[in-house]
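Please examine the structure shown below together with its sequence. The paragraphs that follow lead through it step by step.

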Amino acid sequence: RTLAWRERLAPLRLVLSQKPFLAGPVPAYADYIVFGDFQWARCISTAELVPSDDPIYAWRERMLDLFDGIARRAPNEA
């Protein structure tokens with residue numbers, strides 16, 4: 001299952017290997033919409049969705065750092 005999940009993320013990975021955010025140099029609507037799914041998963045589980053060497057991981061870290069890291073402070077119920 002994990003491999004299939006990661007394979008489905010190929011289009012996202014391709015874009016994020018070329019630029020820091022889906023929208024380009026700064027985040028925009030597309031980034032926030034996609035990030036919502038990753039944040040939801042982060043809040044309910046400790047499972048590693050993508051490995052740390054994945055461009056998606058780096059993007060998610062950048063998203064977590066936005067707005068003084070407010071997303072990092074969301075409770076994790078897992």
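In this predicted model, aspartate 54 has a relative accessibility of 7%. Because the limit for a buried residue is under 20% relative accessible area, aspartate 54 counts as buried. Its place in the chain is the loop between α3 and α4. What does the side chain of aspartate 54 do at the N-terminal end of α4? The side chain caps that end, with an oxygen 2.7 Å from the backbone nitrogen of isoleucine 56. The side chain of aspartate 54 also makes a polar contact, at 2.7 Å, with the side chain of arginine 13.

From this cap the reader may proceed into the helix itself. Helix α4 comprises residues 55–69. Which of its residues are buried? They are Ile56, Trp59, Arg60, Met63, Leu64, Leu66 and Gly69. A general property of helices helps in reading such a list. An α-helix has 3.6 residues a turn, so residues three or four places apart point the same way. The cover over the buried residues of α4 includes two other helices, α2 (10–16) and α3 (29–44).

The interior can now be considered. The largest nonpolar core has 14 residues, and Leu12, Ile56 and Trp59 touch the most other members. The elements that contribute two or more residues to this core are α2, α3 and α4. Of these, α4 gives the most, namely five residues. Ile56 thus appears in two roles, because its backbone nitrogen lies 2.7 Å from the capping oxygen of aspartate 54 and it is among the core members that touch the most others, being buried under the limit of 20% relative accessible area.

Tryptophan 59 deserves separate attention. Which residues does tryptophan 59 contact, leaving aside its neighbours within four places in sequence? The contacts are with Leu16, Pro20, Phe21, Leu22, Asp31, Val34, Phe35 and Phe38.

The surface offers another view. Leucine 14 belongs to helix α2, and with 52% relative accessibility it counts as exposed, since the limit for that class is over 50%. Leucine 14 is 44 residues from alanine 58 in sequence, and the two C-alpha atoms are 13 Å apart in space. Glutamine 18 lies in the loop between α2 and α3. Is glutamine 18 buried or exposed? It is exposed, at 61% relative accessibility. Glutamine 18 and proline 55 are separated by 37 residues in sequence and by 9.0 Å in space, C-alpha to C-alpha.

A nonpolar patch is also found on the surface, formed by Tyr32, Phe67 and Ile70. Together these residues have about 340 Å² of accessible area. Tyrosine 32 is located in helix α3 and counts as partly exposed, at 36% relative accessibility. Phenylalanine 67 is located in helix α4 and is exposed, with a relative accessible area of 60%.

The backbone of α4 completes the account. What is notable about phi of phenylalanine 67? Its phi is near 55 degrees, a positive value in a residue other than glycine. Aspartate 68, also in helix α4, has a positive phi of about 60 degrees although it is not a glycine. Aspartate 68 counts as exposed, at 71% relative accessibility.

Notes:
Residues numbered from 1 in each chain as written. Predicted model: local features only at pLDDT ≥ 70, side-chain atom pairs only at ≥ 80, totals over all residues. Heavy atoms only, no water. Buried < 20%, exposed > 50% of the residue type's maximum accessible area, 1.4 Å probe, protein only. Helix = DSSP H or I, 4+ residues; strand = E, 2+ residues; numbered from the N terminus. Contact = heavy atoms within 4.5 Å. Polar contact = N/O pair within 3.5 Å; in protein donor to acceptor, adjacent residues only side chain to side chain. Patch = residues over 30% accessible without salt bridge, like charges linked within 9 Å, V, L, I, M, F, W, Y side chains within 5 Å. Areas by Shrake-Rupley, 256 points an atom, 1.4 Å probe, with all protein chains shown as cover. Salt bridge = Lys/Arg side-chain N within 4 Å of Asp/Glu carboxyl O. Core = buried A, V, L, I, M, F, W, Y, C linked by side-chain atoms within 4.5 Å.
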